Amino acid sequence: MIPIDDSPIVRDGKSLILAMDHGLEHGPVDFEEVPQKLDPSTVFETATHDAVTAMAVQKGIAEGYYPSYEDDVNLLLKVNGTSNLWMGEYDSAVNCSVDYAAEIGADAVGFTLYGGSNHEVEMAEEFRNVQEDAREHDLPVVMWSYPRGQGLKNDTKPEVISYATRLGLELGADIAKVKYPGSPDAMEHACKAAGDMKVVMSGGSKTSDYEFLSTVEAAVQAGAKGLAVGRNVWQREDPTRILDALEKVIYEEEPAEDALEA
Ligand code: FBP
């Protein structure tokens, strides 16, 4: 593990990663209600908020848009990803090398591992290369640890999420991003299973302000070190308002209700 607390993607031991790789992972459908967000610059603007410690994007978006934001945004380059057009067993193509990510200014790299997929073995081997190359460049590695596949009927069960965080620790991630396992106790166990590796909660599809913030609050109280979120921020009409509230819930550990009142 590298001294992750010194990384620019960490603020006071925590992270708020703004993800915008949905155009690849889900397709333009995620932008239907917010068509202006099809322009990646709009989300880079949102990522300049002080609460955001890194913006997670794929290589093409980084090449095209990051140069205008490199003074104000930390880049987390997602080095694998697959479209929703792919109908096979869960897998993810490695789309960018760590060397190239470093060359275009990445502050960290991200990698999705589908533990439990029929492709887990190949994916873990790819992760090994990414993780070791990242060490050469002193770049932290964030694992999107998403157990999924034919054998897994419920990918947010407590034991599945604890296994997901543990996979991150065992394989050498610095941060693992996991789905909320449904209760504070289950989240606490998942964080303990991660040892001293940081766990961040995954945002998920858009919910109400209170529902979203109270889940983030519960996750942070249970030991999560922040959030990696996309739709719950940039699909909102006013992303700044929710980021102001997230800043309070994550870094100041304020209750969701108080954070929303301000
Ligand atoms: P959201 O907060 O919008 O769920 O984004 C986080 C993220 O991990 C993205 O990086 C990724 O595109 C998406 O979720 C994948 O979601 P899923 O595979 O659950 O549909």
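This is a tour of a predicted model, moving from its strands to two helices, a nonpolar core and one loop residue.

**Before selecting anything**

Colour the chain by pLDDT. The mean pLDDT of the chain is 97, and 100% of its residues reach 70 or more. The model scores are ipTM 0.91 and pTM 0.97.

**Stop 1: strand β2 and its partners**

Select residues 54-57, which form strand β2. Ala54 and Ala56 lie on one side, Met55 and Val57 lie on the other, and all of them are buried. Now add β1, residues 15-19. β1 and β2 run parallel and are joined by 3 bridges. To find one of the pairings, pick Ala19, whose bridge partner in β2 is Ala56.

Next, show β3, residues 75-78. β2 and β3 also run parallel, again with 3 bridges. Here Val57 stands opposite Leu77 of β3. Follow the chain from β2 into helix α3, residues 59-65, and on to β3: together they make a right-handed β-α-β unit.

**Stop 2: strand β6**

Keep β3 on screen and select residues 108-113, strand β6. β3 and β6 pair in the parallel sense over 3 bridges. In this pairing Lys78 has Gly110 of β6 as its bridge partner.

Is β6 covered on its faces, or is one of them open? Both faces are covered. Ala108, Gly110 and Thr112 are buried on one side, and Val109, Phe111 and Leu113 are buried on the other. That accounts for 6 of the 6 residues of the strand.

**Stop 3: from β6 to β9**

Select residues 141-145, strand β7, which pairs with β6 in the parallel sense over 5 bridges. Leu113 stands opposite Ser145 in β7. Between these strands the chain passes through helix α5, residues 120-136, in a right-handed β-α-β crossover.

Then select residues 175-178, strand β8. Ile175 and Lys177 are buried on one side of β8, as are Ala176 and Val178 on the other. β7 and β8 pair in the parallel sense over 3 bridges, and Met143 has Ala176 as its partner in β8. The route from β7 to β8 goes through helix α6, residues 158-171, and this crossover is right-handed.

The next strand to show is β9, residues 198-202. β8 and β9 run parallel and are joined by 4 bridges. One of the bridge pairs is Ile175 with Lys198 of β9. The chain reaches β9 from β8 through α7, in another right-handed β-α-β crossover.

**Stop 4: helix α8**

Select residues 209-221, helix α8. α8 has 13 residues and reaches 18 Å from its first C-alpha to its last, close to the 18 Å expected at 1.5 Å a residue. Its buried residues are Phe212, Leu213, Thr215, Val216, Glu217, Ala219 and Val220. They pack against α7, β9, β10, α9, α10 and α11. After the helix comes Gly223, with a positive phi near 115 degrees.

**Stop 5: helix α10**

Move to residues 239-251, helix α10. How far apart are its end C-alpha atoms? They are 18 Å apart, which agrees with the span that 13 residues should have at 1.5 Å a residue. Show Pro239, Ile242, Leu243, Ala245, Leu246, Lys248, Val249 and Ile250, which are buried. Among the elements that cover them are β1, α2 (40-46), α8 and β10 (226-229). Just after α10, Glu253 takes a positive phi of about 55 degrees.

**Stop 6: the largest nonpolar core**

Select Leu18, Met55, Ala56, Leu76, Val109, Val216 and Leu246. Of the 84 residues in the largest nonpolar core, these touch the most other members. α10 gives the most to this core, with 6 residues. In soluble globular proteins, nonpolar side chains tend to be buried together.

Centre the view on Met55. Setting aside residues up to four places away in sequence, Met55 touches Leu18, Met20, Phe44, Ala47, Val73, Leu75 and Leu76.

**Stop 7: Lys206**

Finally, select Lys206, in the loop between β9 and α8. Is Lys206 buried or partly exposed? It is partly exposed, with 17 other C-beta atoms within 10 Å. Display Asn232 as well: it is 26 residues from Lys206 along the chain, yet their C-alpha atoms are separated by 4.5 Å. Apart from its neighbours within four places in sequence, Lys206 is in contact with Arg231, Asn232 and Gln235.

Methods: Residues are numbered from 1 along each chain as its sequence is written. This is a predicted model: local features need pLDDT of at least 70, side-chain atom pairs count only at pLDDT 80 or more; totals for chains, interfaces and linings use all residues. pLDDT is the predictor's confidence in each residue, from 0 to 100. A residue is buried if 20 or more other C-beta atoms lie within 10 Å of its own, exposed if 12 or fewer, and partly exposed in between; C-beta atoms are placed from the backbone. Helices (H or I, at least four residues) and strands (E, at least two) are DSSP runs, numbered from the N terminus. Two strands pair if DSSP finds at least two bridges between them. A crossover is right-handed if, with the strands pointing away from the viewer, the path from the first strand over the helix to the second runs clockwise. The expected span of a helix is 1.5 Å times one less than its number of residues. Two residues are in contact if their C-beta atoms, placed from the backbone, lie within 7 Å. A nonpolar core is a set of buried Ala, Val, Leu, Ile, Met, Phe, Trp, Tyr and Cys residues joined through C-beta atoms within 7 Å.
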